[in-house]
Amino acid sequence: EGGMAEHFGSVPKSMFTAFRCFAGECFAQSGQPIAPILLEQYGFPFVMIYLGSYMMVTLGIFNVILAIYVEITMAAAKQTEETNKVR
């Protein structure tokens with residue numbers, strides 16, 4: 001199993017490992033990156049699923065950040081417009 005039981009032995013461990021990988025800390029206890037180890041064990045389908053999920057999480061986070069920025073900008077523009085109407 002390549003020593004991956006410590007990272008994927010249960011659902012909570014798997015979720016924490018996935019979180020670590022998405023946050024950029026995707027290393028096994030031995031110091032080796034987890035992705036190449038799993039690539040060796042599971043092959044190309046793992047790479048496609050990993051990249052797809054990584055992209056979805058990254059784009060989702062950026063989408064939330066951008067939505068907050070747009071919402072704040074639109075509220076400021078509306079407030080400025082109302083202030084200009086009063087004058």
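Here are some questions and answers about a predicted model.

In this predicted model, local features need pLDDT of at least 70 and side-chain atom pairs count only at pLDDT 80 or more, while totals for chains, interfaces and linings use all residues. Residues are numbered from 1 along each chain as its sequence is written, and side-chain values use heavy atoms, with hydrogens and water left out.

Q: Is histidine 7 buried or exposed?
A: Let's start with the cut-offs: buried means under 20% relative accessible area, exposed over 50%, and partly exposed in between, with a 1.4 Å probe and protein chains only. Histidine 7 has 5% relative accessibility, so histidine 7 counts as buried.

Q: Which residue's side chain does the side chain of histidine 7 join in a polar contact of 3.4 Å?
A: A polar contact is a pair of N or O atoms within 3.5 Å; within protein, one must be able to donate a hydrogen and the other to accept it, and residues adjacent in sequence count only if both atoms are side-chain atoms. At 3.4 Å, the partner of histidine 7 is glutamate 6.

Q: Which cysteine forms a disulfide with cysteine 21?
A: A disulfide is a pair of cysteine sulfur atoms within 2.5 Å, and by this rule the count comes to one. Cysteine 21 counts as buried at 8% relative accessibility. Its sulfur lies 2.0 Å from that of its partner, cysteine 26.

Q: Why is the disulfide of cysteine 21 and cysteine 26 right-handed or left-handed, judged by what torsion?
A: Look at the torsion about the S-S bond of cysteine 21 and cysteine 26. The disulfide is right-handed because this torsion is about 55°.

Q: How many charged residues are in the lining of the largest pocket?
A: Ala, Val, Leu, Ile, Met, Phe, Trp, Tyr, Cys and Pro count as nonpolar, Asp, Glu, Lys and Arg as charged, and the others, Gly among them, as polar. The lining has eleven nonpolar and three polar residues, and the number of charged ones is no more than none: no charged residues.
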